Amino acid sequence: MNAYLAYLVFPGFLFTAAAGMLASWIDRKLTARVQWRVGPPLLQPLYDFVKLLGKETIVPKGSSKITFLLAPVLGLVGVTFVSTMVWSAMLWPEGGFTGDLIVVLYFLMVPSLAVILGAFASKNRLASLGASREMKLMLADELPFLLAVLVVIIQSGGSLKLGQLMTYQQSYGMILGSVSGVLAVVVAVLTMQAKLTLVPFDIPEAETEIMGGVFVEYSGPPLAVFKLTRMMMLITMPAVLTLLFLGGVKFEGWHILWSLLKFFVLLLLITLIRNTSPRVRIDQAVRFFWGPVTVIGIVAVVLALLGF
Amino acid sequence: MSEIIPIGPYHPLQEEPEFFRLHVEGEIVKKLEIEIGYNHRGIEKLAESKSWDQVVFLVERICGICSTSHPAASICAMEDLGGIEAPERAQYIRTVICELERVHSHMLWLGLAGHFIGYNTVWMWVWKYREIVCDLLDKITGNRQSYAMFKCGGVRRDILDEDMLWIRQSLNKLKPALDLFKGAVMDDPVIHARTKGVGVLTRQQAIDYCVVGPTARPSGVAIDVRKDNPYFAYDWIDWDIVVLEEGDVFSKTAVRILEMYESIKIIEQCLDKMKPGVIDLHVKELPAGEGVGRAEAPRGEVFHYCMSDGSNFPMRYKVRAPSYTNIFSNEAACVGQTVADAALVLAAVDPCYCCTERSITVRNDRGEENILTGGDLIRLSHERTKQIRKELGV
């Protein structure tokens, strides 16, 4: 019973959804302020979601109906699992199991896979184009991200358990404190932007090129679920990064503020990157991730092995 | 095997009716088909039923963005027809309005270009500073858009001496903003990566497609009506044409940014040189004959032709807007680009579809003109409705 509650309410679906909407609001508000606009009210992400739920669901003719409708749910489940495991590890570091880091890394890919599935199932050329771009982007950012994670594993003495990674950092200082850690965080932040498909890596959607790409055929509740997945990813990716590189969170006294600050700084970073750069082309993105970013990642791993 | 990616018939970004068929292989565009003519408004025919004064208002409605270039060309045509020389002060005021409009139009495009490559911050910032220009136009003409300032033989409103200081201050506020955008756009490495070498229109292609204005000048073709056939006060003022050689999207952007500096230079000189005097000759009648007017719109050369039999109305009125030639240059510039770049290249000519609409006569195989009348359309619609009813069984 407790496990169900954990996945559905706290720290699973409901909590992540609420936090994700808050993060989405912060992102939109900051963006608006950067652009000399006023920005939406606090509950706007919720209104958007509820409004979409009330709209008609249109399934395009000739599409694979079940895949088309199940893809959003798959993405939502993926992000819920990641969020639950990461938050559980941060709140109760003794829990979890050895290797849950690997499970988290796998489930982190699920939302992107769901988008690809749904887009290909919708039988639309623009969506297929978007899906193929999403696939290339995934291939591009996965390698450097794993290299960055490898740095954490090496530094903490080969642990594959999320809880242990955090307790290690809380007793020996966060990963960010070392040279290899700084490089790993740079790599991780860049790949985070790609995993969230935000500018400069919003290539699969690219509303100005392929009209929303992967989501072009989605409407009503399925679109709402995709949007919710996006919002939840917006808080889950910073959570993963906080846990892996910034020493996780601690709910004692002023540590609470410090923990919140970590999230906020990561969110701020995401928003600033997305507001100060134009979209790149998919070939440029792949070249960027497999070139300089991967090199930085390898250097970080080597430095970590040497003990820096 | 090439697939077709449709952009249109209602462009999701530029929000105007036109249709681009991109024939793609993977992400590479192999061929581009352009269809326009979705929103024909019959302006030329309408002009034949308006008096000369009303025609100026009518052509102002051809385009919402370059709403003063059409009246400019129109009054040039009328003054050519009547052999009228407008007073000096009116010429300076006209020049100021034309150049302010160029600045506002280029800023509008720059913002949209930022939006097109996903750089929404540039979009919002440019449009924020564009407000200065709109306020200036509001102060001088009374309108932010569609200024209704020009008339045959003069202008409708004077630039007041007490506004002069405020106008100069506003222009000075605009300069640092332009420097900001010049830095943000022309020195950004990612923008370089996205726009340099993309959508190149060579000099020869530019000549072959007869492109004009800021689509031709980046390709090394130095054409500008303001220099080639000076009208208004452009001849009395010291300014330069901005010409670049590369012909890619980056140089198209650069030309527009640099032209804004030239425009401000022109406006300031006009304000300096302006002497008190009459602003309107109160022309009452135009003789029979023909007149031709050319003006440099923010997008290139606008051409107006009018023919009069001495009555109150034009007998024939003809308009050619710059986008009409510029849009088709995309056929050359888009080929070999990726879909991502094609969207950018299509936007880089600063297309204005509402200016370019033409009616088309379709000829069938036997060479007969196939024109559908109103009655035919109603009959077709009835037949189609019956057919659909039958299919649905209602």
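A salt bridge is a side-chain nitrogen of Lys or Arg within 4 Å of a carboxyl oxygen of Asp or Glu. The structure is a predicted model, in which local features need pLDDT of at least 70, side-chain atom pairs count only at pLDDT 80 or more, and totals for chains, interfaces and linings use all residues. Residues are numbered from 1 along each chain as its sequence is written, chains are lettered from A and ligands numbered from 1 in the order in which they are written, and side-chain values use heavy atoms, with hydrogens and water left out.

**Exercise 1. The interface**

Task: Describe how chain B meets chain A, from contacts down to single pairs.

Solution.

Step 1. Count the contacts, meaning heavy atoms within 4.5 Å. Chain B brings 29 residues and chain A brings 23.

Step 2. Take the buried area. This is the accessible area (1.4 Å probe) that two parts lose on being put together, summed over both. Here it is about 2400 Å², with 60% on carbon and sulfur atoms. On the side of chain B, B:Glu27, B:Met124 and B:Arg194 lose the most area to chain A, together 20% of what that side buries.

Step 3. Look for charged pairs. There is 1 salt bridge between the two chains. B:Asp341 and A:Arg281 form a salt bridge through their side chains, at 2.7 Å from N to O.

Step 4. Add the polar contacts. A polar contact is a pair of N or O atoms within 3.5 Å; within protein, one must be able to donate a hydrogen and the other to accept it, and residues adjacent in sequence count only if both atoms are side-chain atoms. Between chain B and chain A, 8 residue pairs are in polar contact, both residues at pLDDT 80 or more.

Step 5. Assign the elements. Helices (H or I, at least four residues) and strands (E, at least two) are DSSP runs, numbered from the N terminus. Two or more residues each come from strand S1 (3-7), helix H4 (88-116), helix H5 (120-141), helix H7 (189-195) and helix H13 (339-348) of chain B. H5(B) gives the most, with 5 residues.

Step 6. Sort by residue class. Ala, Val, Leu, Ile, Met, Phe, Trp, Tyr, Cys and Pro count as nonpolar, Asp, Glu, Lys and Arg as charged, and the others, Gly among them, as polar. The side of chain B that touches chain A has 17 nonpolar, 6 polar and 6 charged residues.

**Exercise 2. Salt bridges within chains**

Task: Which parts of chain B does the salt bridge of B:Glu296 and B:Arg217 tie together?

Solution.

Step 1. Start with the total. Over all chains, the whole structure holds 34 salt bridges. Side chains of opposite charge can pair when their charged atoms come close.

Step 2. Check the distance. B:Glu296 and B:Arg217 meet at 2.9 Å, N to O.

Step 3. Place both residues. B:Glu296 is in strand S6 (residues 288-297) of chain B and B:Arg217 is in the loop between helix H8 (203-208) and helix H9 (225-228), so the pair joins parts 79 residues apart in sequence.

Step 4. Check burial. Buried means under 20% relative accessible area, exposed over 50%, partly exposed in between (1.4 Å probe, protein chains only). B:Glu296 is buried at 4%, and B:Arg217 is buried at 0%.

Step 5. Widen the view. Both residues belong to a salt-bridge network that also includes B:Glu99, B:Arg102, B:Asp224, B:Arg226 and B:Glu259.

Step 6. Take a second pair. B:Arg299 and B:Asp350 form a salt bridge with closest N and O atoms 3.3 Å apart. B:Arg299 sits between S6 and strand S7 (300-309), and B:Asp350 between H13 and helix H14 (353-356), so this pair ties parts 51 residues apart in sequence. B:Arg299 is buried at 1%, and B:Asp350 is buried at 5%.

**Exercise 3. Two residues of chain B**

Task: Is B:Ser69 buried or exposed, and what does B:Arg316 contact?

Solution.

Step 1. B:Ser69 is in helix H3 (residues 69-82) of chain B. Its relative accessibility is 3%, so B:Ser69 counts as buried.

Step 2. The side chain of B:Ser69 makes a polar contact with that of B:Glu101, at 3.5 Å. Beyond four places in sequence, B:Ser69 also touches residues including B:Ala295, B:Pro298 and B:Val302.

Step 3. B:Arg316 lies in strand S8 (residues 314-320) of chain B. At 33% relative accessibility, B:Arg316 is partly exposed.

Step 4. Leaving aside neighbours within four places, B:Arg316 contacts B:Glu44, B:Glu48, B:Tyr305, B:Cys306 and B:Met307. The C-alpha atoms of B:Arg316 and B:Glu44 are 7.6 Å apart, across 272 residues of chain.
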